[in-house]
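Hi,

Here is the structure I promised to pass on. Have a look at it first, and my notes follow underneath.

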Amino acid sequence: MKNIRVVAAVAILAVTFISFKGVQKHKTAEKAEMTAFFDDCIIDLEAQLQTSLENDKLNPNDIRLVEIDEEVNLGFDAFEYLPIVFDAYASAELTEQDFKIFESEEEVDLGFDTAAYLPSDFDAYAL
């Protein structure tokens, strides 16, 4: 009976050690896979950085500009609504007076006196 117990204990110990060895092999294999994955990522990153540096050395004269002239159909003839002597390019030199904006402030009547609801020293434009 003692021999059976010893053999069973040795068998259990052997199985336990074998399972630990399998776990260790699995961890080693997993670590190798992760290292290979990150090595690939680093290689890709280095290639992207190299490409980026090469693009920074790009000569602006090497860039070609392609303009596509498309005709816009408004559904009506715009020339019918323009003056006869209209020239869109006539005054290419614009001044500040050409862009003068006229703002008309309208007084809004709320139907009650707002001063009664505000502090006596209230100034809406004070900083």
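I'll start with V72, which is exposed, because its relative accessible area of 64% is over the 50% cut-off. Keep in mind that this is a predicted model. V72 sits in the segment that comes after α1 (2–56), and that helix has no company: the protein has 1 helix and 0 strands.

V72 also belongs to a nonpolar surface patch, together with L74, F76 and Y81. The patch covers about 500 Å².

Two members of that patch, F76 and Y81, turn up again when you look at the rings. The count of aromatic pairs comes to 2. In one of them, F76 and Y81 are arranged edge-to-face, with 5.6 Å from centre to centre and 85 degrees between the planes. The angle earns that label because anything over 60 degrees counts as edge-to-face. As for cover, F76 is partly exposed at 48% relative accessibility, while Y81 is exposed with 63%.

The other pair is F112 with Y117, also edge-to-face: the centres are 5.7 Å apart and the planes make an angle of 90 degrees. F112 has a relative accessible area of 47%, so it is partly exposed. Y117, at 64%, counts as exposed.

So how much of the protein is buried? Buried residues make up 0% of the 127 residues, where buried means under 20% relative accessible area. The accessible surface of the protein adds up to about 13800 Å², and 59% of that belongs to carbon and sulfur atoms.

If you open the model, I'd go to the patch made by V72, L74, F76 and Y81, and then to the F112 and Y117 pair.

Cheers

Definitions and conventions
Residues numbered from 1 in each chain as written. Predicted model: local features only at pLDDT ≥ 70, side-chain atom pairs only at ≥ 80, totals over all residues. Heavy atoms only, no water. Phe/Tyr/Trp six-rings, centres within 6.5 Å; stacked < 30°, edge-to-face > 60°. Buried < 20%, exposed > 50% of the residue type's maximum accessible area, 1.4 Å probe, protein only. Patch = residues over 30% accessible without salt bridge, like charges linked within 9 Å, V, L, I, M, F, W, Y side chains within 5 Å. Areas by Shrake-Rupley, 256 points an atom, 1.4 Å probe, with all protein chains shown as cover. Salt bridge = Lys/Arg side-chain N within 4 Å of Asp/Glu carboxyl O. Helix = DSSP H or I, 4+ residues; strand = E, 2+ residues; numbered from the N terminus.
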